[in-house]
Amino acid sequence: NQNQFIKEAEEYATEESSKLKLALTFACKALSAKDQLLGEKDQLLGEKDQRLREMASEKERHISNLEHQMLQTKKDNLLLKARDEAVLGSRIVLEIGLASCYPTLGSATVRYEKLRDDHLLDSARGRLKSTCTIATKGGTSPADVFKTLTKHGFRDDVKGVAREAKDLYHELSKDMHNLAQFLPDQKGIYVGGREPMATMLAIAINQLQQAGHIQFDVFPLSGMDSTQTCKLQRNGTVV
């Protein structure tokens with residue numbers, strides 16, 4: 001009887017062991033299938049994310065191309081109109097230079113802030129930069145351009161001009177309609193506004209001209225004075 005009991009116990013253990021092995025095999029296959037499904041899911045999500053990134057990048061390129069085309073059209077119209085009459089172009093002239101200087105940055109505001117911080121303003125000292133950092137070879141610094149402009153009748157307020165550098169781009173549109181009434185009869189492209197903003201604008205445009213980003217002449221106006229006394233030449237000189 002004892003031998004029979006042992007035999008039956010061994011048979012039962014063998015049977016249970018087989019069932020356990022079968023269960024483990026099934027569980028392993030189920031886990032493997034689950035891992036495979038998760039791997040496929042991750043792959044699909046990765047492909048989807050990649051596609052979304054590509055679509056976003058394509059959209060950005062498309063928007064950038066449209067903006068470039070619009071700006072080029074505005075530039076062409078400005079130059080064409082300036083052949084026959086006096087044209088006010090304070091904002092568009094600055095935008096043309098900024099887009100050429102920083103084509104990969106997203107907006108004119110960001111581009112201007114980059115220009116201001118890198119090439120116009122010594123923010124630590126709160127004054128205009130005393131060296132020209134935008135031109136590849138030499139060049140006239142913002143501080144020296146300011147001195148030249150004052151000799152042509154622009155306001156001698158270096159601290160006020162430096163303060164205007166902070167939000168110059170956003171301030172440009174405030175006096176455009178008023179200034180347009182005071183344009184001289186001489187044909188050409190004019191930029192300006194209230195002082196000391198007008199002086200800061202002239203300095204910014206000059207720096208962009210020195211680096212070849214504004215390739216046409218501009219006449220700066222000081223305040224609402226239509227008496228044009230100097231010219232910002234495309235080669236970066238003030239005459």
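Which residues does Glu 171 touch, not counting residues up to four places away in sequence?

1. The residues in question are Arg 194 and Met 197. Glu 171 itself has its place in helix α6. In this predicted model, Glu 171 counts as buried because its relative accessibility is 16%, and buried means under 20%.

2. Helix α2 covers residues 90-101 and has 12 residues. At 1.5 Å a residue it should span 16 Å, and its end C-alpha atoms are 17 Å apart, so expectation and model agree.

3. Helix α2 is mostly covered, with 10 of its 12 residues buried. The buried set begins with Ser 90 and continues with Ile 92, Val 93, Leu 94, Glu 95, Ile 96, Gly 97, Leu 98 and Ala 99, ending with Cys 101. A charged residue, Glu 95, is thus listed among the buried positions of α2.

4. Arg 91 has its charged end over the ring of Tyr 169, at 4.5 Å from the ring centre. As for aromatic pairs, a search of the whole structure finds one.

5. The largest nonpolar core has 48 residues; those that touch the most other members are Val 93, Leu 94, Tyr 112, Leu 115 and Leu 149. At least two residues of this core come from each of α1 (2-82), α2, α3 (108-120), α4 (142-151), α5 (158-164), α6 (168-171), β4 (188-193) and α8 (197-210). Helix α8 supplies the largest share, eight residues.

6. Apart from the largest core there is a second, separate core of seven residues, including Ala 86, Leu 88, Leu 179 and Leu 183.

7. Leu 115 merits a separate entry. With neighbours within four places in sequence left aside, Leu 115 is in contact with Leu 98, Tyr 102, Leu 120, Ile 134, Ala 204 and Leu 208. One of these partners, Leu 98, is also among the buried residues of α2.

8. The structure holds zero disulfides. Cys 101 is in none, and the nearest cysteine sulfur, in Cys 132, is 11 Å away. Cys 101 is buried, because its relative accessible area is 17% and the limit for buried is under 20%.

9. Why does Cys 230 form no bond with Cys 132? The sulfur of Cys 132 is the closest cysteine sulfur to that of Cys 230, yet the two are 18 Å apart, which is too far for a bond; a disulfide needs sulfur atoms within 2.5 Å. Cys 230 also counts as buried, at 1% relative accessibility.

Conventions: Residues numbered from 1 in each chain as written. Predicted model: local features only at pLDDT ≥ 70, side-chain atom pairs only at ≥ 80, totals over all residues. Heavy atoms only, no water. Helix = DSSP H or I, 4+ residues; strand = E, 2+ residues; numbered from the N terminus. Expected span 1.5 Å × (residues − 1). Buried < 20%, exposed > 50% of the residue type's maximum accessible area, 1.4 Å probe, protein only. Phe/Tyr/Trp six-rings, centres within 6.5 Å; stacked < 30°, edge-to-face > 60°. Lys NZ or Arg CZ within 6 Å of the ring centre and 35° of its normal. Core = buried A, V, L, I, M, F, W, Y, C linked by side-chain atoms within 4.5 Å. Contact = heavy atoms within 4.5 Å.
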